[in-house]
Amino acid sequence: MPAKPETDAPETGAPAEADPAEADPATGFPAKAAPSAPTPAEAVTPLIRGIAVLRELTDADGTLSLSALERATDLARSTVDRITATLSRMGYVRVDGRDVHLSPRLMELGNAYLSALRLPSLLSARADALADELDESVSLAVADRDGIRFIHQATRRRAMSLSFRIGDLLPAERTAPGPLFATEWTETDWQRWRSRRAADPRDLSFTAVPPHTYGADERENEAFVRRVDEAAANGWALDDQLIEPGLVAVSVPVRFPQAGDGKGAGVGGGIACVASVVSHTSRHTAHDLRTTLLPSLRSAVTDMEHELHTAPPPEPGAPPSGLALWTGASKQELGRDFIESLARGLTVLTAFGEGRPRLTLTEVARATGLARATARRALITYEHLDLVTPAGDRVFALTPRVLALGFPPLSRTSLAEIAQPHLADLTSRIHEPTSLAVLSDSREEIQCTARVATGRVMSVNITVGTRLPASATALGRVLLADAPTHRLPKGDRALEEALSSVRSSGYALVDEELEEGLRSIAVPIRDRSGRVVAALNTAMHASRRTPDECVTDLLPELTTTAARVESDLHTAARFTHVSLT
């Protein structure tokens, strides 16, 4: 079979290969087997292809081999290599041998949408409190054409627990929020829904839900129409095991403030999002949800609507800066392997954010440093892919579909998973083993959560899960130094002096205190609030480096790595909960 030719397609116009911009009926993203509107002449072909690669990686739960990406996108291997090289340079993917992995930094695209939306920032605390009160999972979802997409999840830790993630897309007819959103559908929306049902009767394009066994029929369509009528009359809706057996949910709409009160101009009391309580039939029947949990849900929604009504306008955050210069410098350094039009196009999404939910072309160009013509072609491309929508006269806004660019698989990333590739990179530079650890609940021990060893004959024998006394280790002292003073051991003068030294210097060095011949140096990992949540270290035999050499040679490398871990952690944790273990 002849190899697919590599074509250096121009920046605009339809690609020479099988057009990856054809839209999937459920996601609106490029798909090879679905009809779509013609690709605009000014659309940026490399950007369309880059979005297609990110979409395939997302659908594959974050990881694919290069050859699998080649098959999935129908792009030439050399084109896939250049796209992944560009995305890697941006920090959006990590290429490990023949495999490509989504990286936490990619979540900055979804963060741009969520911060522009503001709903998670304003309402997530209310949702979390309701989940604690009811001891059930609570979610917030927004409409995405004829589907629903989650923007917040407050889940319970149980053997049978909710597995949906922020950014997951579900078909409206198989959910409790769907009928509520459908009460606002136009005839065009209904026609789109019917077309999708006919084209994808088994819901195969909705990867977050189990597919139908035999496909849909007209009776199910009629049942959904009835549920929409009931939702309009009742003001709430139920899901009685429509997604899978045992899963039940009750939903209530959270509405924008009425137009004319100075808060809700242009929305007129429409649905901002839908709040849902989700349970299992082993705990609640659908009838129980309505009679037992619905009152609490309604009360919480009232509080959410009050929050929307009284929240002051946000202060615009600082837009990204220097992106155009960065992409130009990257092109000079990497040459043909860096696709500048793809990188510049992706930076357009980061122009939006808190206080910047709607932007004109001029504002996008100013925020990114791009030429107006470049920003315009990117916006045309994104509007074609339904990632950007017109939001008034010459104004654009991001759509919920931006969350489909890697957010679902990355939203469940743990700190250990974030740190692991950075530890590997550090170990390759310093040729010493590296570890990440957290403090136990008792604060008497540390637990190793990530580890990269070396190939030395003699090395430190620590594995993931190992527990060591906190007070005698560099990792532990870094963690204890940030702990509240009333929770520290009393009367240990030497330890108190050691922790004071850590606070002033920013690192801990332990020299043969845990074990003779063992020397270790550690630095902190801080969360978005500045709290130390983990520690990063390297350890070696005392004969390999003196204490002074540990500080001069290893400390700068540790500090650099810690900063990279923190950057990824802060991006990942902006709208999601990142597990520390």
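**Close-up views of helices, salt bridges and aromatic pairs**

**Figure 1. Buried residues of helix 13 and their surroundings.** Thr374, Ala375, Ala378, Leu379, Thr381, Tyr382 and His384 are the buried residues of helix 13. The model shown here and in the other views is predicted. Helix 13 comprises residues 372–384, 13 residues in total, and its first and last C-alpha atoms lie 18 Å apart, close to the 18 Å expected at 1.5 Å a residue. Its buried residues pack against three helices, namely helix 1 (45–59), helix 11 (340–349) and helix 12 (361–368), and against strand 11 (388–390) and strand 12 (395–398). Just after helix 13, aspartate 386 adopts a positive phi of about 65 degrees.

**Figure 2. The buried and exposed sides of helix 8.** Helix 8 runs over residues 218–234, and its 17 residues should span 24 Å at 1.5 Å a residue; the distance between its end C-alpha atoms is 24 Å, in agreement with that value. Asn221, Phe224, Arg227, Val228 and Ala231 are the residues of helix 8 shown as buried. Because these residues cover an arc of only 115 degrees around the axis, they fall on the same side of helix 8. Arg219, Asp229 and Ala233, on the other side of the helix, are exposed. The elements that cover the buried residues of helix 8 include helix 6 (177–182), helix 7 (187–199) and strand 7 (237–240).

**Figure 3. The two ends of helix 8.** At the start of the helix, the backbone nitrogen of arginine 219 has a side-chain oxygen of aspartate 217 within 3.1 Å. Just after the helix, glycine 235 has a positive phi of about 85 degrees.

**Figure 4. An aromatic pair between helix 8 and the loop before helix 7.** Tryptophan 185 and phenylalanine 224 form a tilted aromatic pair, with 6.0 Å from centre to centre and 55 degrees between the planes. Phenylalanine 224 belongs to helix 8 and tryptophan 185 to the loop between helix 6 and helix 7, so the pair ties together parts that are 39 residues apart in sequence. Both rings belong to buried residues: the relative accessible area is 13% for tryptophan 185 and 1% for phenylalanine 224. Ring pairs further link Trp185 and Phe224 with Trp190 and Trp193 into a cluster.

**Figure 5. An edge-to-face pair involving helix 10.** The ring centres of tryptophan 326 and phenylalanine 338 are 6.0 Å apart and the ring planes stand at 80 degrees, so this pair is edge-to-face. Tryptophan 326 is located in helix 10 (residues 323–334), whereas phenylalanine 338 is in the loop between helix 10 and helix 11, so the pair ties together parts that are twelve residues apart in sequence. Tryptophan 326 is partly exposed at a relative accessible area of 33%, while phenylalanine 338 is buried at 0%. The structure has eight aromatic pairs in total.

**Figure 6. A salt bridge between helix 9 and helix 5.** Aspartate 303 and arginine 126 meet through their side chains in a salt bridge, with an N to O distance of 4.0 Å. The pair links distant parts of the chain, since aspartate 303 lies in helix 9 (residues 286–310) and arginine 126 in helix 5 (residues 119–134), 177 residues apart. Aspartate 303 is partly exposed at 33% relative accessibility, and arginine 126 is partly exposed at 32%.

**Figure 7. A salt bridge within helix 11.** Glutamate 340 pairs with arginine 344 in a salt bridge whose closest N and O atoms are 2.8 Å apart. The two residues are four residues apart in helix 11, which means that about one helical turn separates glutamate 340 from arginine 344. Arginine 344 has a relative accessible area of 23% and is therefore partly exposed.

**Figure 8. A salt bridge between helix 16 and a loop.** In the salt bridge of glutamate 513 with arginine 477, the closest N and O atoms are 2.5 Å apart. Glutamate 513 lies in the loop between strand 16 (508–511) and strand 17 (518–526) and arginine 477 in helix 16 (residues 474–481), so that the pair links distant parts of the chain, 36 residues apart. Glutamate 513 is partly exposed at 45% relative accessibility, whereas arginine 477 is buried, with a relative accessible area of 10%.

**Figure 9. A network of salt bridges.** Salt bridges link Asp146, Glu173, Arg174, Arg196, Arg197, Asp203 and Glu220 in a network. The structure as a whole holds 39 salt bridges.

How values were computed: Residues numbered from 1 in each chain as written. Predicted model: local features only at pLDDT ≥ 70, side-chain atom pairs only at ≥ 80, totals over all residues. Heavy atoms only, no water. Expected span 1.5 Å × (residues − 1). Buried < 20%, exposed > 50% of the residue type's maximum accessible area, 1.4 Å probe, protein only. Arc of directions from axis to C-beta. Contact = heavy atoms within 4.5 Å. Polar contact = N/O pair within 3.5 Å; in protein donor to acceptor, adjacent residues only side chain to side chain. Phe/Tyr/Trp six-rings, centres within 6.5 Å; stacked < 30°, edge-to-face > 60°.
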